[in-house]
Amino acid sequence: MKLIDLRSDTVTKPTEKMRKAMYKAEVGDDVYRDDPTIIELEYKAAKKLGKEAALFVPSGTMGNQVAVLTHTQRGEEIILEENSHIFINEVGGIAILAGVQAKTLKGVSGALNVNDVENAIREEDIHYPKTSLICIENTHNKAGGKVIPIENMKSIYELGKKHSIPIHLDGARIFNASTYLNVDVKEIAQFADSINFCLSKGLCAPIGSVLVGSNEFINKARKNRKLLGGGMRQAGILAAAGIIALDEMTLRLQEDHENAKNLAEGLAEIPGIHLDVEGVQTNIIMVDVSGMGINGNQLADSLKKYNILINGSKDGNIRLVTHAYINKDDIDKVLKSFKNLI
Ligand SMILES: *Cc1c(COP(=O)(O)O)cnc(C)c1O
């Protein structure tokens, strides 16, 4: 019986086509810049996002950390949303690796308020660290896959320009954002100086993310990737899957969004389940099941019996994620299983 895995879009496995491309991939030593498949992926990624250059990295965390390390000096301060992945989920890396401190701001649906950002930028004062980077996240994971409006990104970018502060976009799911907005991904990418996006989530590649930016930025970032141990050798095997992720898998995300919407609508009708159906914009659904009289961990245990996997929680708040290996029938089955539990 098929396992319906709603824990994350990171559970997606490489497609048949990816595996074939990986088998055939031309490779070389990428630290010597000898891997033609890596070079092709980096070229395509830079072009697609409208930037000069790109760097393949083994994970989104490394891409973000390399970006912070490259944009900043030790002892400086960076501005981030308080629930951002870089602040919450990267093991305190910005402090350990770049040696910067975080100024966190409360966002609304993941979006930073431009006035708050402006107020947070440090003036010159003997007591103050320098503000050297502003980070944003689109789509915003902890806000439930919410898309940051382009207007908001534009005003933060312009503010950054005014103060000579670069913007880094954690665009792990930037193609979900461009799909939702129905715009070319460049429309979003234009309002950030560097962007990291994941090939390994909804795009189904087995491993990897890509960091994009100016030539100068990427040259420095390449050295910082080496510093972090991310200089890989015959990594073209991974890039071959990444190219398919970028060229083809970016085009099918609407399907995941529709499945998420259908799941959200169905769940909202079940007594004891609360969620903001309107707020489901992409492939992430935040659900409160405490009204069912159970917590997320108990729900996860019960759903296992129906071959459905979810991440549990101590309270009733759970996150469900749709992806390429979840289809319409699976959504129906999940809804039936929830109803059976009631
Ligand atoms: C998944 C994710 C990352 C990077 O995660 P890795 O597991 O290190 O690839 C970064 N930012 C956001 C918003 C994410 O969801």
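**Exercise 1. Which residues are around the ligand?**

Solution. Work on the predicted model.

Step 1. Collect the residues around the ligand. From the earlier part of the chain come Ser59, Gly60, Thr61, Asn64, His85 and Glu90. The list continues with Glu137, Asn141, Asp170, Ala172, Arg173 and Lys201.

Step 2. Look for polar side-chain atoms facing ligand nitrogen. Asp170 places a polar side-chain atom 2.6 Å from a nitrogen atom of the ligand. For His85, an N or O atom of the side chain is 3.4 Å from a ligand nitrogen.

Step 3. Turn to ligand oxygen. Here Lys201 has a polar side-chain atom at 2.7 Å.

**Exercise 2. Describe how helix H2 packs on helix H11.**

Solution.

Step 1. Locate the helices. H2 covers residues 36-49, and H11 covers residues 236-247.

Step 2. Read the geometry. The axes lie 8 Å apart, at an angle of about 30°.

Step 3. Classify the pair. Angles under 35 degrees count as roughly parallel. H2 and H11 are therefore roughly parallel to each other. Their crossing is left-handed.

Step 4. List the contact. H2 contributes Thr37, Ile38, Glu40, Leu41, Lys44, Ala45 and Lys48. H11 answers with Gly236, Ala239, Ala240, Gly242, Ile243, Leu246 and Asp247.

Step 5. Sort these residues by class. There are 7 nonpolar, 3 polar and 4 charged residues in the contact of H2 with H11.

**Exercise 3. Repeat the analysis for helix H1 on H11.**

Solution.

Step 1. H1 spans residues 16-24. Its axis and that of H11 come within 8 Å and cross at roughly 140°.

Step 2. Classify. Roughly antiparallel needs an angle over 145 degrees. H1 and H11 are therefore oblique to each other. H1 crosses H11 in a right-handed sense.

Step 3. Find the partners. On the H1 side are Lys17, Met18, Ala21 and Met22. On the H11 side are Ile237, Ala240, Ala241, Ile244 and Ala245.

Step 4. Sort by class. The contact of H1 with H11 has 8 nonpolar residues, 1 charged and no polar.

**Exercise 4. At what angle do helices H13 and H14 pack?**

Solution.

Step 1. H13 is residues 296-304, and H14 is residues 328-341. They pack at about 115°, with axes 11 Å apart.

Step 2. The range 65 to 115 degrees counts as roughly perpendicular. H13 and H14 are therefore roughly perpendicular to each other. The crossing of this pair is right-handed.

Step 3. Leu299, Ser302 and Leu303 of H13 meet Ser337, Phe338 and Leu341 of H14. By class, the contact of H13 with H14 counts 4 nonpolar and 2 polar residues, with no charged ones.

**Exercise 5. Check the backbone for exceptions to a general rule.**

Solution.

Step 1. Recall the rule. Most peptide bonds are trans, and most residues other than glycine have a negative phi.

Step 2. Test the peptide bonds. Asn138 and Thr139 are joined by a cis bond, with omega about 0°. Thr139 sits in the loop between strand E5 (131-137) and helix H7 (150-162).

Step 3. Test phi. Arg33 has a positive phi, near 60°, and is not a glycine. Arg33 belongs to the loop between H1 and H2.

Key: Residues numbered from 1 in each chain as written. Predicted model: local features only at pLDDT ≥ 70, side-chain atom pairs only at ≥ 80, totals over all residues. Heavy atoms only, no water. Axes fitted to C-alpha atoms, helices over the stretch in contact; angles between N-to-C directions. Helix = DSSP H or I, 4+ residues; strand = E, 2+ residues; numbered from the N terminus. Left-handed = near helix turned anticlockwise from the far one by under 90°. Contact = heavy atoms within 4.5 Å. Nonpolar A, V, L, I, M, F, W, Y, C, P; charged D, E, K, R; others polar. Near = heavy atom within 4 Å. Polar contact = N/O pair within 3.5 Å; in protein donor to acceptor, adjacent residues only side chain to side chain.
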